[in-house]
Amino acid sequence: MAQSDTKKIFFENLSGAGKAIAVLTSGGDAQGMNAAVRAVVRMGLYVGAKVYFIREGYQGMVDGGENITEATWESVSSMLQVGGTVIGSARCKDFRTHEGRLKAALNLVKLGITNLCVIGGDGSLTGANLFREEWSGLLAELVEQGSIEHQSVQTYSALHIVGMVGSIDNDFCGTDMTIGTDSALHRIIEVVDAIMTTAQSHQRTFVLEVMGRHCGYLALVSALACGADWVLIPEMPPEDGWEEKMCQKLSANRAGMKRLNIIIVAEGAIDHNNKPITTDCIKDLVVKCLGFDTRVTILGHVQRGGTPSAFDRILASRMGVEAVLALLETTANTPACVVSLCGNQSVRLPLMECVQMTQEVQKAMDEKKFEEAVKLRGRSFENNLKTYKLLAHRKPESELPTSNFNVAVLNVGAPAAGMNAAVRSAVRVGISEGHKMFAVNDGFEGFYKGQIKEIKWSDVGGWTGQGGSLLGTKRTLPAKHVGKIAEQMRTHNINALLVIGGFEAFLSLLELLTARGKYEEFCVPMVMVPATVSNNIPGSDLSIGADTALNAITTTCDRIKQSASGTKRRVFIIETMGGYCGYLATVAGLAAGADAAYIYEEPFDIRDLQANVEHLTEKMKTSIQRGLVLRNENSNDNYTTDFIYQLYSEEGKGVFDCRKNVLGHMQQGGAPSPFDRNFGTKISAKAMQWVTKKLVETFRQGRVFANTEDSCCLLGMRRRALIFQPVVQLKGETDFVHRIPKEQWWLKLRPLMKILAKYKTSYDVSDSGQLEHVVHNQPKDSDASVAM
C-alpha cells in the first residue's frame, strides 16, 4: 500500500523506548474489550515500549506472579472478533484496601511498569486514579519495608493512568459511546426482531427487560430502534396514572390493526416514588386491564455476550491507539485522563471530572431531580428521549397544529438499510408538526409518473426494522423530467421536499435548484438526508446504511477466516462495494483485522502489491495462519480482484494458498443495524423540524416561496455536529467524476490499520485528542452522538 505524507510523524517525538505499559480489564466485561487490548499491545510494541498483560483485573495486579506477563505481537492475534475479555476481569476487594494497593505497587515496580491502561467502568477508573494519587506514598512505604531500593522511588516516581470505558450500559459521562454498548444493542435488537414475528403470529404483548440498573440508555435506544409501544427507564419515571395511559396506548394500537405490542423495561426502572417497576408487574397490569395474551422475556447476560459489532471494534481500536499516545505524552503533572468519543472524534477528558459528573447523575435521581438527571446524561441521551416521545406517542388531532403545508418524502439512489426508519421518522414528525405528508414511490421516476399518495401515522408502523426501501427507490435523476415533476408538485400542492438517498439524491437537489429559474414550483424548502452504503456524500462524515454494510462485511470476513482454521496457511482476497469510495474497504479492514486494503483514494502500483505479498509471506512464516486482504471494487482498473488473487497465489506458493470472494449485494441487504435505525430516525426528525422552520419563514401572501441557497440543503454530520449545508456550496468539495468528496475524514484511519497489521508507516497526530474539559451542554446545533 502506498504511504501518504502526513503533517506530523508521531514516533519522531513520541518514542516509547524504555517505557513499560500494562493493560488490564476490570469490572463487568464488554464486547470490544479484546479489540482495545489488541490495539494497546500492538501500538505499544510499535513505538518501542514493553507491554504487559495484567490478567484478572486488579486482582491480578495484587497477586502478581504469572498474572502479569509480557505481551507479544502474536499473543493478540485472532482476538479481535472474540467477545468478552481474554485476559480476564474480576471485581477485587483486595485492591480497595491500602494493603492490596501496596502489593500491587510492588508488583508493578518489580517489572518497571509506570504506565497503566485501564479498561473498565467508573468504579475501575476511580480505583486507578486513587492508586495514582497514592503512588509516591506507596513507594516510600515499600522503601521503609525494604521491599524496594531507594533508587526505585526516583526511577519510578510517577504512575501514569489512561482509562477507556468498557461498559454495555453507556452510563459514563463524557463519552458518546462506551465500548460494548453498540454490541449489546445488536443483541437486544436481534431478540426483539425475532420476538416480533412470534408476537405477530399470536397477537401477543411482550414485556422485555434489558440491562441498565442505573442507566436507561439500552432500553431507550432499543425502544427507538424497534418502535416499541412503551419504554420505562430510571432517569425518567412515568407520571402518575401512567398505567391507564399505557393501556390506552396498547389498546389503540391494536384497534389500528397492529397485531402485537412491545414494552421495553430497563432493569432499574422506577416510578416517581423510587419504587421498582418490574416486568411481572407490567404483565399483570396488561392482563388485568386489557386481557391481552402477555409474555415476559428477560434478556439477561445475552446482552454481554457474542461477537463485538464493527462499531465496537473500530471504537476500541481507535481508543487503544489514542490511549498509548496519551501515555507517551503524559508528564508527572498531567491528570489521569479517559479517552472518549465525541461525534467521530477522539477526545481526552480528565478522568475524575467524568467520574464526578457520572456520580452527579445518580445523585440527581436519588433526589428525584429526574429532568436534571436526563440533562446530565448528555445531549445525546436527551435527544433520544425527545425523539422517542415524538415518534411513539401521537397527539390527539385537536392538539396538532394546523399548518396546511404538504410535504413530500422520497428515496433516491440505491437502497440502504435504515431508509425506512428515516421515512417513518419524517412522516411522524411531519404529522406532529401539523403537515400533510405525501409518499413518493420509486424516487423521481415515480414522481413524474404521479405515484404520489398521502401517508398516515399508522402507515409507517413497524418500518424501523425493515431493510431496503419500502417506498421504492430508483437512480433516475429529475433533469429530463422537471416539467412533469413541476406539474405533479402543482397538482398535489407540494410545499417542501425531503429526499433520502445517496449521491443521486445530491445530484437531484442540484438539478432542482437549477430548475428554480424556470419552474417556481421548485421554489420550496428542499433537504437531503444522506443514505448510502458507500458513505460517499460530500458534507457528511456518515451516511445511513454504511454501518449495516460494515457489519455485513465484518461478519462475513470473520466466517471466511474461520473457514480456514485447522487448515494450512491461507490468504483471502475480498472485494467490497463502494464505487470509487474506499470507506467500506478501509473501515471494514480495521474492524476485521485486514493485512491490506486497496482503495482508489490511495493509489498503489505493482511495487506496493509486491511489498504487501512479501510482508504477508514473512508474517505467515513466523506466526499467523490466515491473512485477509480487502479491495474496493473500483480501486484500480488494471489491478483487479482476479489480478491480485493471481499475484498473491503465485508469489505465495509454498507458504500460503489463496481464495477470493466478491461480497456483492449482500452488503446492501439485511435488517438495519441499531446504529442505522437510530441515525436514520434522529437525522430525519431534525430534517423535518428544519423543513417546518423554513416553511414558516418563507410563507408570504398565502404561498411558500423559497429561492435562496440556504433553502436547499444537505443535513450531514461533520465531526461533532449535525449541520445544514446549502448543496450549491458543497459543489466545490465534490469530485463529480468519481462521485466522492475531495476530502474524507476516514483516510486518517488508514495508517492505524497498517500499524495494527505490523507495517512501518507514518501516523498523523495533529488531529489526535487534546485534553479537554467535560461540559454540561454543547452548542445548540450540536448533537455529537446523533447516531446513537
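The following conversation concerns helices H7, H8, H11, H19 and H20 of a predicted model.

Me: To begin with H11, what span should its 20 residues have, and how far apart are the end C-alpha atoms?
Reply: Helix H11 covers residues 310-329, and at 1.5 Å a residue it should span 28 Å. Its end C-alpha atoms lie 29 Å apart, which agrees.

Me: How many residues of H11 are buried?
Reply: Of its 20 residues, 19 are buried, so H11 is largely enclosed by the rest of the structure.

Me: Turning to H7 and H8, at what angle do they pack?
Reply: Helix H7 (residues 181-202) and helix H8 (residues 217-226) pack at about 50 degrees, and their axes are 10 Å apart. The two helices are therefore oblique to each other.

Me: Is the crossing of H7 and H8 left-handed or right-handed?
Reply: H7 passes H8 in a right-handed crossing.

Me: Which residues of H7 and H8 meet?
Reply: On the H7 side they are Thr181, Ala184, Leu185, Ile188, Ile189, Val192 and Met196. Their partners in H8 are Tyr217, Leu218, Val221, Ser222, Ala225 and Cys226. By class, this contact has 11 nonpolar residues, 2 polar residues and no charged residues.

Me: Why might contact residues recur three or four places apart along a helix?
Reply: An α-helix has 3.6 residues a turn, so residues at that spacing point the same way.

Me: A change of topic: where is Ala549, and is this residue buried or exposed?
Reply: Ala549 lies in helix H19, which comprises residues 546-562. Its relative accessibility is 0%, under the 20% limit, so Ala549 counts as buried.

Me: What does Ala549 touch, leaving aside residues up to four places away in sequence?
Reply: With those residues left aside, Ala549 touches Val533, Leu584 and Gln667.

Me: And how far is Ala549 from Gly461?
Reply: Ala549 and Gly461 are separated by 88 residues in sequence and by 24 Å in space, C-alpha to C-alpha.

Me: Leu584 brings up H20; how do H19 and H20 pack?
Reply: H19 and helix H20 (residues 583-592) pack at an angle of about 50 degrees, with 9 Å between their axes. H19 and H20 are therefore oblique to each other, and their crossing is right-handed.

Me: Which residues form that contact, and how do they divide by class?
Reply: H19 contributes Ala546, Ala549, Leu550, Ile553, Thr554, Cys557 and Lys561. These meet Tyr583, Leu584, Val587, Ala588, Ala591 and Ala592 in H20. The contact of H19 with H20 divides into 11 nonpolar residues, 1 polar and 1 charged.

Technical notes. Residues numbered from 1 in each chain as written. Predicted model: local features only at pLDDT ≥ 70, side-chain atom pairs only at ≥ 80, totals over all residues. Heavy atoms only, no water. Helix = DSSP H or I, 4+ residues; strand = E, 2+ residues; numbered from the N terminus. Expected span 1.5 Å × (residues − 1). Buried < 20%, exposed > 50% of the residue type's maximum accessible area, 1.4 Å probe, protein only. Axes fitted to C-alpha atoms, helices over the stretch in contact; angles between N-to-C directions. Parallel < 35°, antiparallel > 145°, perpendicular 65-115°, else oblique. Left-handed = near helix turned anticlockwise from the far one by under 90°. Contact = heavy atoms within 4.5 Å. Nonpolar A, V, L, I, M, F, W, Y, C, P; charged D, E, K, R; others polar.
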